[in-house]
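Thanks for making time for this one. I would like to go through a single helix and then a few backbone angles, so please keep the structure open while I talk.

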Amino acid sequence: MTPSRPYLIRALYEWIVDNGLTPYVLVDAEDEQVVVPRQFVEGGKIVLNINPGAVQNLELGNAFVEMDARFSGAPMHVSVPVMSVLAIYARENGKGMVFTEEDGGDEPPPDGTPDEDVAKRPTLRVVK
């Protein structure tokens, strides 16, 4: 299956904005494809305000989150791989979602190769 993370990011973004709150994303800035102002990175992470009034040309794509923003008055094009987005949440109340590596939607392991984490997860069954 395709990764669910970009769809969840878009849905949560819309939900946060529709409720009049400010969407923030927490980004793993250590990925070499992440283009953010390095002077604002702390502990390998950066928080970005993606509120419509704070950024321009926001694109929540399937592979990248991209936008034009200003940092200390200087304009910059920001580009973040979707898999580097660690969380999306509302600044005002913290409601949102934290992503794990498992949220990537990678292909399941080949048949005959049990995945310990998958075996522990609850499953749904159709009962007739």
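**Helix α1 and some positive phi values**

In α1, the residues that come out as buried are R5, P6, I9, L12, Y13 and I16. Around the axis they cover an arc of only 130 degrees, which means that they sit on the same side of α1. The general background is that an α-helix has 3.6 residues a turn, so residues three or four places apart point the same way. I should say at this point that we are looking at a predicted model.

As for what this buried set meets, the buried residues of α1 pack against β1, which is 23–28, and also against β3, β6 at 85–90 and β7 at 96–98. The helix itself runs over residues 5–18, and its 14 residues reach 20 Å from the first C-alpha to the last, close to the 20 Å expected at 1.5 Å a residue. After α1 comes G20, with a positive phi near 70 degrees.

That brings me to the backbone angles, where the usual expectation is that most residues other than glycine have a negative phi. Which residue of strand β3 should we look at here? It is N57, in the strand that covers residues 55–60, and its phi is positive, near 55 degrees, although N57 is not a glycine. N57 is exposed, at a relative accessible area of 59%.

S72, also not a glycine, has a positive phi of about 50 degrees, and it is placed in the loop between β4 (64–71) and β5 (74–81). With a relative accessibility of 69%, S72 counts as exposed.

Methods: Residues numbered from 1 in each chain as written. Predicted model: local features only at pLDDT ≥ 70, side-chain atom pairs only at ≥ 80, totals over all residues. Heavy atoms only, no water. Helix = DSSP H or I, 4+ residues; strand = E, 2+ residues; numbered from the N terminus. Buried < 20%, exposed > 50% of the residue type's maximum accessible area, 1.4 Å probe, protein only. Expected span 1.5 Å × (residues − 1). Arc of directions from axis to C-beta. Contact = heavy atoms within 4.5 Å.
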